[in-house]
Amino acid sequence: MSRRARPAARTLRLAATGLCLVVLGGCARGCTSPRPPIHLNPNMDDQPRLTAQQASGFFYDGAAMRPPIEGTVALGDPVEIGPLETGRAGDAPDAPFVAAIPPEASAAFDVPLAVRGEERYGIYCTPCHGDRGDGQGTLRQRSGVASADLRLERLHAAPDGQLFDTITHGLGLMAGYAAQIPVADRWAIVAHVRELQAASPPVPEAAAVPAGEGATGGEGAPAGDAGPPGQGIAEGTAGAAAQPGLPDDPGGTEGPGAASPPDPLGAEPPPSDDGAARR
Ligand code: HEC
């Protein structure tokens with residue numbers, strides 16, 4: 001078998017050598033090739049890339065170069081910010097707040113500003129401030145920590161720019177929402193807060209539950225629809241949930257809040273150390 005195989009192997013070897021000579025020898029004498037030279041260990045020396053101004057079928061516009069994303073600011077370029085971004089009437093950090101929502105804010109949406117705002121408010125503010133802005137959101141129901149009542153006389157009177165500033169930078173216990181909520185949406189939320197305020201008479205400061213506290217010493221009975229003060233917190237929220245005027249309660253707490261708890265947290269009476277939340 002090896003005898004018969006030997007001549008065949010020799011022929012093969014000869015043929016291969018011949019071929020190599022033709023290929024290598026041919027090109028060594030100046031034939032050009034569009035292909036890169038033989039490179040036995042490329043080591044990522046050659047990597048696919050696109051050069052400036054080159055066409056590329058990869059992107060929808062056929063260009064390899066991508067435009068900078070909207071809002072990109074070149075290092076060192078002056079950034080133009082005005083009342084729309086700061087809520088203030090001047091450049092100084094303590095300039096007075098603008099009284100009204102800048103008109104550019106509404107230009108960002110197809111729908112009226114307050115409609116957009118209602119939706120955004122529902123996402124970002126309701127958990128703490130409640131559907132109606134009364135500060136009785138889920139946070140209050142579950143932890144006993146009250147958020148500010150947005151219908152306070154003081155906030156009724158506050159300029160739009162101040163509400164915008166509170167959303168942007170936060171205040172006291174409340175964190176700022178600049179990172180989560182774009183500028184125009186913040187103004188939209190301000191528009192919705194104004195609607196909530198218009199739907200209720202201004203709540204006097206004394207009648208409101210102080211932020212971060214349970215209902216204490218509110219015997220002066222708030223006119224209107226705030227939860228009954230001076231009662232236990234669980235009762236207070238149950239009362240609020242049972243109110244006829246309340247829109248559909250997403251928490252599903254119908255009737256007395258503690259009767260059919262969707263989860264154990266809701267049934268537990270909140271801690272009674274009212275001052276704790278102030279820390
Ligand atoms: C995590 C809970 C939480 C969320 C979410 C939240 N807030 Fe607050 N907010 C608070 C608390 C608590 C206070 C009271 C702060 C204090 O007095 O220390 C407050 C205070 C305020 C005040 C009153 C500021 C003042 O001048 O007294 C406004 C206005 C306000 N929030 C608006 C909003 C808006 C609008 C949103 C939605 C973008 C929002 N908040 C989201 C908890 C929250």
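## A walk from H8 to H4 and H9

Start with the whole protein chain in cartoon view: read along the sequence, the pattern is α-α-α-α-α-α-α-α-β-β-α-α-α. That gives eleven helices and two strands, where helices (H or I, at least four residues) and strands (E, at least two) are DSSP runs numbered from the N terminus.

Before you click further, this is a predicted model, in which local features need pLDDT of at least 70, side-chain atom pairs count only at pLDDT 80 or more, and totals for chains, interfaces and linings use all residues. Residues are numbered from 1 along each chain as its sequence is written.

**Stop one: H8.** Select residues 160–169. Eight of the ten residues of this helix are buried, so H8 is largely enclosed by the rest of the structure. Here a buried residue has 20 or more other C-beta atoms within 10 Å of its own, with C-beta atoms placed from the backbone. Colour Asp160, Gly161, Gln162, Leu163, Phe164, Asp165, Thr166 and Ile167 to see the buried set. Now show strand E1 (170–171) and H9, which are among what covers these residues. Just after H8 sits Gly170, with a positive phi near 75 degrees. Across the protein chain, buried residues make up 25% of the 279 residues.

**Stop two: the core.** Next, select Leu113, Trp187, Ala188, Ile189, Val190 and Ala191, which touch the most other members of the 20-residue largest nonpolar core. Such a core is a set of buried Ala, Val, Leu, Ile, Met, Phe, Trp, Tyr and Cys residues joined through C-beta atoms within 7 Å. H4, H8 and H9 each supply at least two of its residues, and H9 gives the largest share, eight.

Zoom in on Trp187. What is it in contact with, leaving aside neighbours within four places in sequence? Look for Ile101, Ala105, Leu113 and Phe164; contact means C-beta atoms, placed from the backbone, within 7 Å.

**Stop three: H4 against H9.** Show residues 113–124 and 183–198 together: their axes come within 7 Å and cross at roughly 95 degrees. The axes are lines fitted to C-alpha atoms over the stretch in contact, and angles run from 0 to 180 degrees between N-to-C directions. H4 and H9 are therefore roughly perpendicular to each other, a label for angles of 65 to 115 degrees.

Finally, turn on side chains: Leu113, Ala114, Arg116, Gly117, Glu118, Arg120 and Tyr121 in H4 meet Asp185, Trp187, Ala188, Ile189, Ala191, His192 and Glu195 in H9.

Note on methods:
Angles under 35 degrees count as roughly parallel, over 145 as roughly antiparallel, 65 to 115 as roughly perpendicular and the rest as oblique. Two residues are in contact if their C-beta atoms, placed from the backbone, lie within 7 Å. A residue is buried if 20 or more other C-beta atoms lie within 10 Å of its own, exposed if 12 or fewer, and partly exposed in between; C-beta atoms are placed from the backbone.
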